[in-house]
Amino acid sequence: MTKIQRSLTMPATSDAIWAVLGRYMHIDDFAPEVSSVEALTHGENGVGSKRRCVFKNGSSLVEEVTAWTPGKGYRVRASEFGTMPLHHMNAELEVIPMGAQGARVVWSVDYRVKYGPLGWLLGQTMMKGMMGKVLDGNLKGLADQVQ
């Protein structure tokens, strides 16, 4: 399993950040690579909520919430990777109050790439760099949306 983590301190309250993050079916409001979201469940957001994220390159995946702590964060398990070379992926978002400095958002992803040892090498090189750029873009988009 390969793990990557990024964080960003934002000059906003954790409540203001959660007001954006807690709208689970609207990640496309701030994630620059997500072109649209299809809600696969309806009702309140929480454990069991599912969405399909469609990316600008035409690929998509399904994310299901596996842990949900209002105001603090959530975890998702991804599936239905289509053309993506992924075998497994989980993501976690956490909002940490930082007092007068605002709040820090920590976004981590762990994943396993298909294709055995060759996939492992791909996951450690090209995929790791790409995932890092995606997380950085998501955090910047979130900060811009919160402002």
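Biologist: How do the residues of the lining of the largest pocket divide into nonpolar, polar and charged?

Modeller: Happy to help! Keep in mind that this is a predicted model. To read a lining, sort its residues by type. Here the lining divides into 21 nonpolar, 4 polar and 3 charged residues.

Biologist: Which residues lie nearest the centre of the largest pocket?

Modeller: Look for Phe55, Leu61, Met84, Met131 and Val134, which lie nearest the centre among the 28 lining residues. The pocket itself has a volume of about 570 Å³.

Biologist: Which element gives the largest share of the lining?

Modeller: That is helix 3, with 6 residues. Helix 3 spans 126-146, and at least two lining residues each also come from strand 3 (50-55), strand 4 (60-69), strand 5 (73-79), strand 6 (86-97) and strand 7 (103-113).

Biologist: Let's step back to the whole chain. How many helices and strands are there in the protein?

Modeller: You can count 3 helices and 7 strands. Walking from the N terminus, you meet them in the order β-α-β-β-β-β-β-β-α-α. The radius of gyration is 15 Å, close to the 15 Å that the globule rule gives for 147 residues, so the protein is as compact as a globular protein of that length.

Biologist: What share of the residues counts as buried?

Modeller: Buried here means under 20% relative accessible area. By that cut-off, 42% of the 147 residues are buried. As for the surface, the protein exposes about 7,800 Å², and carbon and sulfur atoms supply 53% of that area.

Note on methods:
Residues numbered from 1 in each chain as written. Predicted model: local features only at pLDDT ≥ 70, side-chain atom pairs only at ≥ 80, totals over all residues. Heavy atoms only, no water. 1 Å grid on protein atoms, 1.4 Å probe; cavity = no way out; pocket = protein on both sides within 12 Å on 5 of 7 lines; lining within 4 Å. Points joined across faces, edges and corners; volume = space filled by probe spheres on them. Helix = DSSP H or I, 4+ residues; strand = E, 2+ residues; numbered from the N terminus. Nonpolar A, V, L, I, M, F, W, Y, C, P; charged D, E, K, R; others polar. Rg over C-alpha atoms; globule rule 2.2 N^0.38 Å. Buried < 20%, exposed > 50% of the residue type's maximum accessible area, 1.4 Å probe, protein only. Areas by Shrake-Rupley, 256 points an atom, 1.4 Å probe, with all protein chains shown as cover.
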